[in-house]
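Here are some short exercises to work through with the model open beside you. Try each task before you read its solution.

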Amino acid sequence: MNQVHNEQTKLLATGLNNVAVAFVVIGGVTPVTAMSFGVTTAPRLSLGTVAFALAWFCTGLGLHWGARLALRSLRS
């Protein structure tokens, strides 16, 4: 039964981490990349844009941290 629990826990952690990566890419990497390439619809660099990117990045970090916490429940 421990193997089933461990596999389900690893699946949960992987899913959370994938969502965390998506948050970082959508909120942080994409706007910066768009600005650096001069995309006309890219947001202008402002305090609001930085706050937006930081909020998405911190959410991604929080989800990643949650995934790491989930892995602590693995059984031997």
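**Exercise 1.** Work out where Phe52 and Trp56 lie and how many residues apart they are.

*Solution.* Start with the location: in this predicted model, both Phe52 and Trp56 belong to helix H2. Next, count along the sequence: the two are four residues apart, about one turn of the helix.

**Exercise 2.** How many aromatic pairs does the structure hold? Classify each one by its geometry.

*Solution.* The count comes to two aromatic pairs. Take Phe23 and Trp56 to begin with: their ring centres are 5.0 Å apart and their planes meet at 35°, so this pair is tilted. That label follows because the angle is neither under 30 degrees, which would be stacked, nor over 60, which would be edge-to-face. Now place the partners: Phe23 sits in helix H1 (residues 2–36) and Trp56 in helix H2 (residues 47–71), so the pair ties together parts that are 33 residues apart in sequence. Then turn to Phe52 and Trp56, with 5.7 Å centre to centre and 45° between the planes; this pair is tilted too. Finally, put the rings together: Phe23, Phe52 and Trp56 make up one aromatic cluster.

**Exercise 3.** Are Phe23, Trp56 and Phe52 buried, partly exposed or exposed?

*Solution.* The cut-offs needed are under 20% relative accessible area for buried and over 50% for exposed. Phe23 has a relative accessible area of 25%, so Phe23 is partly exposed. Trp56 also has 25%, so Trp56 is partly exposed. Phe52 has 41% relative accessibility, so Phe52 counts as partly exposed as well.

**Exercise 4.** Describe the fold and overall shape of the protein using its helices, its dimensions and its contacts.

*Solution.* Begin with secondary structure: the protein has two helices and zero strands. For the dimensions, the C-alpha trace spans about 55 × 20 × 10 Å along the principal axes. Compare the radius of gyration with the globule rule: a compact globule of 76 residues would have a value near 11 Å, but this protein has 17 Å. Then look at burial, where buried residues make up 20% of the 76 residues. The accessible surface comes to about 5600 Å², and 69% of that belongs to carbon and sulfur atoms. Last come the contacts: among those between residues at least 6 apart in sequence, 82% join residues at least 24 apart.

Terms used:
Residues numbered from 1 in each chain as written. Predicted model: local features only at pLDDT ≥ 70, side-chain atom pairs only at ≥ 80, totals over all residues. Heavy atoms only, no water. Rg over C-alpha atoms; globule rule 2.2 N^0.38 Å. Buried < 20%, exposed > 50% of the residue type's maximum accessible area, 1.4 Å probe, protein only. Contact = heavy atoms within 4.5 Å. Areas by Shrake-Rupley, 256 points an atom, 1.4 Å probe, with all protein chains shown as cover. Phe/Tyr/Trp six-rings, centres within 6.5 Å; stacked < 30°, edge-to-face > 60°.
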